[in-house]
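Student: I am new to this structure and should be grateful for a close look at a single part of it. Please take one helix and then explain how its surroundings connect to the rest of the chain.

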Amino acid sequence: MYSCCFSLPETSSHTVSYLILGMLRNPEVKKRLQAELDAAIPADTRQDVTKLSCAEVMALPYLSQCIKESMRLWNVIGVGPKRVLTQDIHYEGMLLPKGSLFHGALFSMVRQAWMDRPEEFLPERWSDDNPQHAQLKEMNIPFGAGKRQCIGQNLARMEVALITAFTLRFFDFELLAEPQHQVFLTTKPVDMSVRVHLRD
């Protein structure tokens, strides 16, 4: 049994924690992802990580889908950016008047009723053959959008992919205690407890 600690930015570490939680709640997803990682990452990479490039890891299709699904369900930015409305907007019988200050509710945006099973962790929803894929891509903005989107998103995507890939390739996890979800400036799992085992 191992006790481990990662020194990562808060947003990246929360994303990896939630992704591992998604795996533990969905054993078939974990099994499929670990099969992809086993095929792509040789066992001796544990002794020499230079044998695999970042680009190779980030190109793994199911890993990419799992990361996107984790970011959809548990976007680490709890409240979206502020915007001032430049015109009146009529939405579901309400008038949002010009000049109003508006916060995008990112946590609820990705759980709308039009989505197939919106509360479930379904990485396959990010495959090209999903008829909802184009709409999902448009509305899922974990790093923001436009001129003020996150300047560090490429580094964050790389960190999350590498940490997830190598952690799940060489370790197994057992969920001991479900987390509480704190949604404020960031979304984070509080008091999540896992046991970690080295994989055979």
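Tutor: What follows is an account of helix α4, and then of the cores, the surface and the salt bridges. Please bear in mind that the model is predicted.

Helix α4 comprises residues 61-73. Its length can be checked by a short argument: the expected span is 1.5 Å times one less than the number of residues, and for the 13 residues of α4 this gives 18 Å. The end C-alpha atoms of α4 are 19 Å apart, which agrees with the expectation.

Is this helix mostly covered or mostly open? Helix α4 is mostly covered, since ten of its 13 residues are buried. The buried residues are Tyr-62, Leu-63, Gln-65, Cys-66, Ile-67, Glu-69, Ser-70, Met-71, Arg-72 and Leu-73. A general point helps in reading such a list: an α-helix has 3.6 residues a turn, so residues three or four places apart point the same way. The cover of α4 involves several other helices, for its buried residues pack against α1 (10-25), α2 (27-40), α3 (54-58), α5 (106-109), α6 (133-139) and α7 (153-170).

Pro-61 offers a contrast with those buried residues. This proline belongs to helix α4, yet Pro-61 counts as exposed because its relative accessibility is 52%, and the limit for that class is over 50%. Pro-61 also shows how the fold brings separate stretches of chain together: Pro-61 and Ser-127 are 66 residues apart in sequence, while their C-alpha atoms are 8.7 Å apart in space.

The interior may be considered next. The largest nonpolar core has 32 residues, and Met-23, Leu-33 and Leu-63 touch the most other members. Helix α4 is one of the elements that give two or more residues to this core, together with α1, α2 and α7. Leu-33 illustrates the packing well. With neighbours within four places in sequence left aside, Leu-33 is in contact with Met-23, Tyr-62, Leu-63, Cys-66 and Leu-168. Among these partners, Tyr-62, Leu-63 and Cys-66 are also on the list of buried residues in α4. There is a second, separate core of five residues, including Val-110, Met-115, Trp-126 and Leu-136.

Nonpolar side chains also occur on the surface. Ile-89, Tyr-91 and Met-94 form a nonpolar patch there, with about 280 Å² of accessible area together. Met-94 is located in strand β3 (residues 94-96) and counts as partly exposed, because its relative accessibility is 45%. Glu-92 occupies the loop between β2 (89-91) and β3. Although Glu-92 is not a glycine, it has a positive phi of about 45 degrees; Glu-92 is exposed, with a relative accessible area of 66%. Asp-191 gives another case of a positive phi in a residue other than glycine, with a value near 65 degrees. Asp-191 is found in the loop between β7 (187-190) and β8, and its relative accessible area of 62% makes it exposed.

The charged side chains complete the picture. How many salt bridges does a search of the whole structure find? The search finds ten. In one of them, Arg-111 pairs with Glu-119, with the closest N and O atoms 3.3 Å apart. Arg-111 is buried at 16% relative accessibility, because the limit for that class is under 20%, whereas Glu-119 is exposed at 56%. Another salt bridge joins Glu-120 to Arg-117, with a distance of 3.1 Å between the closest N and O atoms. Here Glu-120 is partly exposed at 36%, and Arg-117 is partly exposed at 44%.

A further salt bridge connects Arg-195 with Glu-174, the closest N and O atoms again lying 3.3 Å apart. This pair links distant parts of the chain: Arg-195 is in strand β8 (residues 193-198) and Glu-174 is in strand β5 (residues 171-177), 21 residues apart. Arg-195 is partly exposed, with a relative accessible area of 29%, and Glu-174 is partly exposed at 34%. Finally, salt bridges link Asp-38, Arg-169 and Arg-199 in a network.

Key. Residues numbered from 1 in each chain as written. Predicted model: local features only at pLDDT ≥ 70, side-chain atom pairs only at ≥ 80, totals over all residues. Heavy atoms only, no water. Patch = residues over 30% accessible without salt bridge, like charges linked within 9 Å, V, L, I, M, F, W, Y side chains within 5 Å. Areas by Shrake-Rupley, 256 points an atom, 1.4 Å probe, with all protein chains shown as cover. Salt bridge = Lys/Arg side-chain N within 4 Å of Asp/Glu carboxyl O. Helix = DSSP H or I, 4+ residues; strand = E, 2+ residues; numbered from the N terminus. Buried < 20%, exposed > 50% of the residue type's maximum accessible area, 1.4 Å probe, protein only. Contact = heavy atoms within 4.5 Å. Core = buried A, V, L, I, M, F, W, Y, C linked by side-chain atoms within 4.5 Å.
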